Amino acid sequence: MIHPSDPELRTIAVRDGQRGPVTCAACGCRLAPSGDAFVHFNPIGGRDARGCRIDCADAVHDATGRPIALAV
């Protein structure tokens, strides 16, 4: 459970109006803030933090968790 004072909580409603961390809409991974956008935590060669190969690992995501551009 995430403590309510956790700075990674965003104002986006995820379920029943409750705030929570931003997650990737494509794969469900939790995203880390990076400026005004969000990215996968520690992406390595198209893989997420668990080592799973996912298409959106190197993509920048918006506040709803949707990939918006590939990082170069």
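Strands are DSSP runs of E covering at least two residues, and they are numbered from the N terminus. On that basis Gly45 falls in the loop that runs between S4 and strand S5, the latter spanning 59-61. The structure is a predicted model, and its protein chain of 72 residues has 26% of them counted as buried. The points below go from the whole chain to the S3 and S4 hairpin, then to two histidines, two cysteines and two loop residues.

**Overall architecture and confidence**

- The secondary structure of the protein chain amounts to 6 strands and 0 helices, which, read along the sequence, gives the pattern β-β-β-β-β-β.
- Among contacts in the protein chain with a separation of 6 or more, 24% are made by residues 24 or more positions apart.
- The exposed surface of the protein chain is about 5100 Å², and 53% of that area is supplied by carbon and sulfur atoms.
- Confidence across the protein chain averages a pLDDT of 76, with 69% of the residues scoring at least 70.
- Among the elements of the protein chain, the lowest mean pLDDT, 52, belongs to strand S1 (residues 10-15), whereas the highest, 91, belongs to S5.

**The hairpin of S3 and S4**

- Strand S3, covering residues 31-34, pairs with strand S4, covering residues 37-40, in the antiparallel sense, and the pairing extends over 4 bridges.
- Within this pairing, Leu31 has His40 of S4 as its bridge partner.
- The hairpin leaves 2 residues between the strands, and Gly35 adopts a positive phi near 70 degrees there.

**Two buried histidines**

- His40 sits in strand S4, and because its relative accessibility is 2%, His40 counts as buried.
- Once neighbours within four places in sequence are set aside, the contacts of His40 comprise three cysteines before the hairpin in number, Cys24, Cys27 and Cys29, together with Leu31, Ile54, Cys56, Ala57 and His61.
- His61 has its place in strand S5, and His61 likewise counts as buried because its relative accessibility is 0%.
- The side chain of His61 reaches as far as the backbone oxygen of Ala59, at 3.1 Å.
- With neighbours within four places in sequence again left aside, His61 is in contact with Cys24, Leu31, Ala37, Phe38, Val39, His40, Cys56, Arg66, Pro67 and Ile68.

**Cysteines and the absence of disulfides**

- With a disulfide taken as a pair of cysteine sulfur atoms within 2.5 Å, the count comes to 0 disulfides.
- Cys24 takes part in no disulfide, and the nearest cysteine sulfur to it, that of Cys56, is 3.5 Å away.
- Cys24 has a relative accessible area of 3% and is therefore buried.
- For Cys27, the closest cysteine sulfur is in Cys29 at 3.5 Å, so the pair is too far apart for a bond.
- Cys27 is partly exposed, because its relative accessible area is 32%.
- Both Cys24 and Cys27 are listed among the contacts of His40, and Cys24 is also listed among those of His61.

**Loop residues with partners further along the chain**

- Thr23 lies in the loop between strand S2, which spans 18-20, and S3, and its relative accessibility of 33% is why Thr23 counts as partly exposed.
- Not counting residues up to four places away in sequence, Thr23 touches Gly28, Cys29, Arg30 and Leu31, as well as Thr64 and Gly65.
- Thr23 and Thr64 are 41 residues apart along the chain, yet their C-alpha atoms are separated by 7.7 Å.
- Gly45, in the loop between S4 and strand S5, counts as exposed because its relative accessibility is 57%.
- Gly45 nevertheless touches Arg53 and Asp58, again not counting residues up to four places away in sequence.
- The C-alpha atoms of Gly45 and Asp58 are separated by 7.9 Å, with the two residues 13 residues apart along the chain.

Key. Residues numbered from 1 in each chain as written. Predicted model: local features only at pLDDT ≥ 70, side-chain atom pairs only at ≥ 80, totals over all residues. Heavy atoms only, no water. Pairing = 2+ DSSP bridges. Buried < 20%, exposed > 50% of the residue type's maximum accessible area, 1.4 Å probe, protein only. Contact = heavy atoms within 4.5 Å. Areas by Shrake-Rupley, 256 points an atom, 1.4 Å probe, with all protein chains shown as cover. pLDDT = per-residue confidence, 0-100. Polar contact = N/O pair within 3.5 Å; in protein donor to acceptor, adjacent residues only side chain to side chain.
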